[in-house]
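Here is a note for a colleague who has not met this structure before. Please read it with the model open.

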Amino acid sequence: MNRSGTSTSTSLGSKQFGFVEWFRPGDYKRTEEVLPRLLASGASYLRTHLSWAEYLAPGGEEWFDWLIPQLGAQIDLLPCVHYTPPSLSRTGRASGPPKDLKSYADFIDHVLTRYGKHFRHIELWNEPNNLLDWDWREDSDFQLFCEMVGGAAYWAQQRGFKPVLGGPCPFDPYWLNLMGERGVLAVVDAVGFHGFPGTWDSEEGSWGGWDMHLGEMRRILDRYNAKSEIWVTETGYSTWRKDEMEQVRRFAKTLEVPADRLYWYAWADVPPNVAVQEGLWFDPRHYHLGAETHDGQPKLLARLLTEGGVDRVREVTQFPSPRIANGAAPIVITGGSGFIGSNLADSFLNEGADVVVLDNLGRPGVDQNLTWLRERHGDRVHPYLADIRDMRGIESAFTDAKAVFHLAAQTAVTTSLVHPIDDFEANARGTINVLEAVRKAAKPAPVIFASTNKVYGALEDIEMLELDDRYIPADEAIRAHGIDEQRPLSFCTPYGCSKGVADQYVLDYAKTFGIPSAVLRMSCIYGPRQFGTEDQGWVAHFLIRALAGDAISVYGDGKQVRDILHVDDAVAAYRAVLGSIEQVKGSVYNLGGGPHNSVSILGVLREIEKLTGQAVQSSFGPWRAGDQYFFVADTRKLERDLGWQARVRWRSGMRHLAEWLVEHRFGGGPILSEPARIPA
């Protein structure tokens, strides 16, 4: 950075960034798991702590002998050396100044000798104006700190290393100027800056923006050491309100700040059973600062970085905010970038409507659907990138809504079994957030909710007959028409429970608050714009695997029967419900392909073999929890009340999806024999 305050470094210009990640003694397995994912994000730097106190504790030397070489061999490493061993501290605590100030420089000398080949820079202390890191009550004028750190920095430079002065938090220009007056700035090569705009209450009153604070910092450094660089050694954004898109926006903005290096805090959330400095769960924001969760699940930031680095992050953050003309009443679709949501949005946009697409972009590939909508319909698509779990973040999306289609959800039974609380937060709490946001509007809009056939449970009481390739009910009426809406609810699996709770809340808000609402309990929907996975969207997943020449995993014996419904027919059903909402409000409908579109998993595999002309490799595993032997929706109520019918037969619909996948996922090519004929 030059004297005018403009960065001359190529670090941020070349889109480089780093992460902060504290590894605790004994975290061997966690380190080996986290580091590959962190490197896959494209990070160039890693800042971690080398605790003086932990080093001298039992097992500490062995731990750091493993950790520092492990990290330094794979990434540009910045060790932060802090925390006084209590036995050497003037206060008996790790935040106290050492009794012998030179002992810190001696330890730095030891670290440089033992580990110096694994790094070029070394950070001297952390947040010295934070009482938990440096007890300034014992050093009110920071004289002890200056003597301790200044001596260590001087010696590190003499040995050919580049010391970094630990950054204060919150930023304090008077403290930094004192470091210059005392000569500390003259013997460091970089100075750290910590700032978490939007996360900590303590910063709200003092935060003046990156340009202001880093400008202050540059002016002070120019007085005492113009060659010193500015490093943002800690910044981040807590997703404790589930606002992962805001974390992505903050990250993208930070990439543009006038600093020579950036370290984002942190790569992973703090595990819920680990106490932070202030104490166990003293403040929930501490536990949600990571780009991924504590158990390795990527948040939106980690996913985007892994998919395409900084360019991918910037691409997503360039989606515009909603700009709807005064008096316009848009259609709001939660989960509007998803498979069904994007097809539904497209149908309204084709008629000239304005559509607010509310989505957290949490599912891989859905941002491609949003881009597709924007390319087709331009400014009438209004992206509202937020999470339905964040009540404060979504309220304004519903202010002027003409209608609300609530499709946003956690959609996989398997995920609900692993993360039942997250499943509940998305499906149950997220739905009541949407309902409350609608209820607060001056004129509450109709709400049509995407429920699931899983609210009927595993249907274990229905006697089944096993044929060669499928199960069928012994009851002829069910065999002829399917499961109707009179079927008792029987929630099974966390997913069934969370969707069932949401289903009932939507119906109750119609009764209790007069919100015109209806529920569609869906079977298996398939079609273009579906990015199917093993856990959800199985028809598309099977086709994707087969077209790629990969084996297909089947859970159960493959004789399970489902009525699969093309997305065009699903869109028609949602629109029909909205068109007659005053007549059908408070109603629930089963939505599926019905008996004419019922097929077993084995039948779908055979059809895929016909489409591709190749044998499908498949394997069979244990049945999944709550899996139904047979589910076919009885759609007669929907047909009778709204005149709706499933028009696309499943074989032509599958060919249509296969052709779309060939064109959009596999680069085109004549791998299918005949074109699909989807009715106009």
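The points below cover the barrel, a helix pair and a pocket.

1. This is a predicted model, in which local features need pLDDT of at least 70 and side-chain atom pairs count only at pLDDT 80 or more, while totals for chains, interfaces and linings use all residues. Residues are numbered from 1 along each chain as its sequence is written, and side-chain values use heavy atoms, with hydrogens and water left out.

2. Eight strands (DSSP runs of E, at least two residues) form a closed barrel in the order 1-2-3-4-5-6-7-8, with parallel pairing. From one strand to the next, the twist averages 30 degrees.

3. Strand 3 (residues 76-82) pairs with strand 4 (residues 121-124) in the parallel sense over two bridges; pairing requires at least two DSSP bridges. Cys80 stands opposite Glu123 in strand 4.

4. Helix 15 (residues 420-440) and helix 17 (residues 493-512) pack at an angle of about 10 degrees, with axes 8 Å apart. The two helices are therefore roughly parallel to each other (angles under 35 degrees count as such). By class, their contact (heavy atoms within 4.5 Å) has twelve nonpolar, three polar and four charged residues. Among the residues that meet are Phe424 and Ile432 in helix 15, and Tyr495 and Val506 in helix 17.

5. The second largest pocket has a volume of about 800 Å³. A pocket here is an open set of points on a 1 Å grid where a 1.4 Å probe fits, with protein on both sides within 12 Å along at least five of seven lines; lining residues have an atom within 4 Å of a point. Of its 30 lining residues, Glu127, Asn130, Gln277, Glu278 and His286 lie nearest the centre.

Note on methods: Points joined across faces, edges and corners; volume = space filled by probe spheres on them. Axes fitted to C-alpha atoms, helices over the stretch in contact; angles between N-to-C directions. Helix = DSSP H or I, 4+ residues; strand = E, 2+ residues; numbered from the N terminus. Parallel < 35°, antiparallel > 145°, perpendicular 65-115°, else oblique. Nonpolar A, V, L, I, M, F, W, Y, C, P; charged D, E, K, R; others polar.
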